[in-house]
Amino acid sequence: MSKELIRLSDIVMSFDEEVIIDHLNLYINDKEFLTLLGPSGCGKTTTLRIIGGFQSPTSGDVFFDGVRINDVPPHKRKVNTVFQKYALFPHLNVFENVAFGLRIPRTEAVEKGGRTVSQKVKLPKQEITRRVMEMLEVVNLKGFEKRPVSALSGGQQQRVAIARALVNQPKVLLLDEPLGALDMRLRKDMQNELKRIQQEMGITFIYVTHDQEEALAMSDTVVVMDQGKIQQIGTPEDIYNEPKNAFVADFIGESNILDGIMRADGVVEIFNRKFQCLDKGFSPDEPVDVVIRPEDVDIVEEDKGQLKGTVTSVTFKGVHYDTIVDFYGFKWLIQTTDFCPEGSRIGIKIDPDGIHVMKKSQYSGLFGDYSSYSEEYDEIGDADYVPDEEEAESHEE
Ligand SMILES: Nc1ncnc2c1ncn2[C@@H]1O[C@H](COP(=O)(O)OP(=O)(O)O)[C@@H](O)[C@H]1O
Ligand SMILES: [Mg+2]
């Protein structure tokens, strides 16, 4: 069973009366890989700094293992941080960079003649060597101990930074966009490495990124943030398949987001056509946002489609074509292996599980149209579209 390790309770952070973190509530389990994901400026780093103790919240509490730690300074928290700018000591070699923290004498409580006294304790040399070598093995840098860090690649330097943070045996590692400076290929390799290290060491990772692919690939739990607020917490699959609002749907992956009306449980109306869906529990005729992922749309012959539209652009992407289709003036992105040339008329079909219905929110109407993909945006769109009640009815069960 996973056990709660950290809890942020009703955290508010304001700078100059501006609210940066807005009543944030979150718990993090032991050995979990949790990612704070959101656009630049949404409050990710601030949240991490509050967990690390580098920043005191304006109000709210931070708990570690059930104990309130608001007033515990960073170096006394069982937490260590890896920053994007991992300042290694350039004049020290790999071994000494990792060993640095272990060489600092620690104040420890020891029993002496029946009394507890605090005393400076130094780690024995062999113990330092053992722990440094163990960490270098974990980050795949065995054999590099004598190298000056200046002679390492960016990826290798980042590994040294990770080893240095892990060598103190923290319960939790905080990582703030640690792969941000690396190129794409290296990022992907390091994502796998970090995941492996986290599992191998059995510790909790709290990871910050604005890169949704990275978050989905690595995390047990993703926390999507915007404007200092948590928008959704869930597994990568939850977040992708069941986004809570238009912000999450737009931020994670590609989404067509349309206005709809919930006509009944399992029936949503889009463009005056009724579609079967799996969503339930909305009020009768409630206006909703509807998410349709580009890969969930099937292209069929025009007269067999639930909707009919005109292809306005096609881009070959290797595995599929990014096909932009104009439906009554609203442009959708469809990802398909069927090539449909620009200008062709097509029909589409969407299975009930390809439709996801969401409550209206402050983000409604802001996202989800792919007009900017095409230069030929035509405001009038499909002018000869006439809502067809009869056809709409035929899609009801
Ligand atoms: N010390 C500070 N003083 C004033 N504003 C700050 C301070 N730290 C962060 N901010 C503001 O808080 C917001 C969130 O910042 P941050 O947590 O760094 O976001 P993120 O890491 O998601 O990009 C930003 O608008 C930033 O300008
Ligand atoms: Mg940041």
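Colleague: What makes β2-β1-β4-β5 a sheet, and which strands are its edges?
Modeller: Strands pair if DSSP finds at least two bridges between them. A strand is a DSSP run of E of at least two residues; a helix is a run of H or I of at least four; both are numbered from the N terminus. Here 4 strands form an open sheet in that order, with antiparallel pairing. The edges are β2 (18-29) and β5 (67-68), as each pairs on one side only.

Colleague: How do you know that β1 pairs with β2?
Modeller: Strand β1 (residues 4-15) is joined to β2 by 8 bridges, and the two run antiparallel. The definition asks for at least two, so they pair. E18 in β2 is the bridge partner of F15.

Colleague: Where do these numbers come from, and what confidence is needed?
Modeller: Residues count from 1 along each chain as its sequence is written, while chains are lettered from A and ligands numbered from 1 in the order in which they are written. The model is predicted, so local features need pLDDT of at least 70 and side-chain atom pairs 80 or more, while totals for chains, interfaces and linings use all residues.

Colleague: What makes a residue part of the shell around ligand 1, and which residues surround the ligand?
Modeller: The C-beta atom, placed from the backbone, must lie within 6 Å of the molecule. F15, I20, G38, S40, G41, C42, G43, K44, T45 and T46 surround ligand 1. Helix α1 (residues 44-52) gives the largest share, 3 residues.

Colleague: How does that shell divide into nonpolar, polar and charged?
Modeller: There are 3 nonpolar, 6 polar and 1 charged. Ala, Val, Leu, Ile, Met, Phe, Trp, Tyr, Cys and Pro count as nonpolar; Asp, Glu, Lys and Arg as charged; the others, Gly among them, as polar.

Colleague: Why is S361 called partly exposed?
Modeller: A residue is buried with 20 or more other C-beta atoms within 10 Å of its own, exposed with 12 or fewer, and partly exposed in between. S361 has 15 such neighbours inside 10 Å, so it counts as partly exposed. S361 lies in the loop between β22 (355-359) and α9 (389-394). Leaving aside neighbours within four places in sequence, S361 is in contact (C-beta atoms within 7 Å) with N245 and A246.

Colleague: What makes β20 mostly covered?
Modeller: In strand β20 (residues 330-336), 5 of its 7 residues are buried. Strand β19 (residues 321-327) runs antiparallel to β20, joined by 7 bridges. T323 stands opposite I334 in β20. Their hairpin has 2 residues between the strands, and Y328 there takes a positive phi near 55 degrees.

Colleague: Which residues of helix α2 are buried, and what covers them?
Modeller: In α2 (residues 94-103), V94, F95, N97, V98, A99 and L102 are buried. Their cover includes α3 (125-138) and α4.

Colleague: What makes a set of residues a nonpolar core, and how many are in the largest?
Modeller: Buried Ala, Val, Leu, Ile, Met, Phe, Trp, Tyr and Cys residues must be joined through C-beta atoms within 7 Å. The largest such core has 94 residues, and V98, A163, L173, I206 and V268 touch the most other members. Helix α4 (residues 154-166) gives the most, 6 residues. At least three residues come from each of domain 1 (4-241) and domain 2 (254-394).

Colleague: How do you know where those domains sit?
Modeller: The bounds come from an automatic or database domain assignment. The domain centres, taken over C-alpha atoms, are 42 Å apart.

Notes: Two residues are in contact if their C-beta atoms, placed from the backbone, lie within 7 Å.
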